[in-house]
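Q: I'm new to reading protein models, and I'd love a close look at a single part of this one. Could you pick a piece and take me through what surrounds it?

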Amino acid sequence: MVWLSLFPILISIFSGNSPSDFVWKNRLLIYDGNQDCSEWLSEDEQKNLTDRKLLFFHFSNGRLMHTNYTGEIHVQDFINHLKRVKSQNENWILIGLDGGIKSTGDFLPNPSKIYRLIDAMPMRQSEIRGRKSGYPF
């Protein structure tokens, strides 16, 4: 009987997270390509990613190559989500806190350009104003 009550919890633990599981928690940058992504995950960028609640996921040939997320994800859900919303020549999408697609593009996205995009978003502006007024977001 106890096992039956734990079954839904075990399913969620072992199945991994999908992009929709991050709505209202994190922004997502999903990239599918073969370019070097080391600058995204450098020690210098960690503060920028954390400050913006941005999780970076790099896929190549159907495999997760790099991420700053420490939990488990359902790789195929991320790849399917990317394929569903991008156009033919694009290989990355930026998903906002609300789960909406904020930007897409081809080639490897430049961190400073992505940060400028995020910093211009109304929710990010609210986070910045809240931090200045002493309200932690």
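A: Let's follow one strand, its partners and the loops around it.

A quick note before we start: this is a predicted model, so local features need pLDDT of at least 70, side-chain atom pairs count only at pLDDT 80 or more, and totals for chains, interfaces and linings use all residues. Residues are numbered from 1 along each chain as its sequence is written, and side-chain values use heavy atoms, with hydrogens and water left out.

How sure is the predictor? The mean pLDDT (confidence in each residue, from 0 to 100) is 85 for the protein, and 85% of its residues reach 70 or more. Residues 1-14 are a weak spot, with pLDDT below 50 and 1 contact in the model beyond near neighbours in sequence; a contact means heavy atoms within 4.5 Å. Where pLDDT is low, the predicted coordinates should not be read in detail.

Our strand is β1, residues 27-32. Helices (H or I, at least four residues) and strands (E, at least two) are DSSP runs, numbered from the N terminus. In β1, 5 of the 6 residues are buried, so the rest of the structure largely encloses this strand. Buried means under 20% relative accessible area, exposed over 50%, and partly exposed in between (1.4 Å probe, protein chains only).

Now for the partners of β1. Strands pair if DSSP finds at least two bridges between them. β1 has 6 bridges to β2 (residues 54-60), and those two run parallel; there, L29 has F56 as its bridge partner. β1 also has 4 bridges to β4 (residues 92-95), and this pair runs antiparallel. Across from I30, in β4, you'll find I93.

How does the chain get from β1 to β2? Together with helix α2 (residues 43-51), the two strands make a right-handed β-α-β unit. Right-handed means that, with the strands pointing away from you, the path from the first strand over the helix to the second runs clockwise.

Zoom in on L28, one residue of β1. L28 is buried, with just 1% relative accessible area. Leaving out residues up to four places away in sequence, L28 touches P19, F22, L54, L55, F57, F78, I93, L94 and I95. Follow the chain for 71 residues from L28 and you get to G99, yet their C-alpha atoms are separated by 8.7 Å.

Next comes the loop between β1 and α2, where G33 is found. G33 is buried at 12% relative accessible area. Setting aside residues up to four places away in sequence, G33 touches H58, F59 and S60. M65 is 32 residues from G33 in sequence, while their C-alpha atoms are 9.7 Å apart in space.

On the other side of the helix, K53 sits in the loop between α2 and β2. Its phi is near 55°, a positive value in a residue other than glycine. K53 counts as partly exposed, at 23% relative accessibility.

Finally, the rings. Rings of Phe, Tyr and Trp (its six-membered ring) pair if their centres lie within 6.5 Å; planes under 30 degrees apart count as stacked, over 60 as edge-to-face and the rest as tilted. The structure holds 8 aromatic pairs. In one of them, F22 and F57 have ring centres 6.1 Å apart and planes at 55°, so this pair is tilted. It links distant parts of the chain, 35 residues apart: F22 is in the loop between α1 (2-15) and β1, and F57 is in β2. F22 is buried at 4% relative accessibility, and F57 is buried at 0%. Another pair is W40 and F56, with centres 4.9 Å apart and planes at 5°, so they are stacked. Because W40 lies in the loop between β1 and α2 and F56 in β2, this pair ties together parts that are 16 residues apart in sequence. Both W40 and F56 are buried.

F22 and F57 also belong to one aromatic cluster with F59, Y69 and F78. So what should you take away about β1? It is largely enclosed by the rest of the structure, because 5 of its 6 residues are buried, and it is joined by bridges to β2 on parallel terms and to β4 on antiparallel ones.

Notes
pLDDT is the predictor's confidence in each residue, from 0 to 100.
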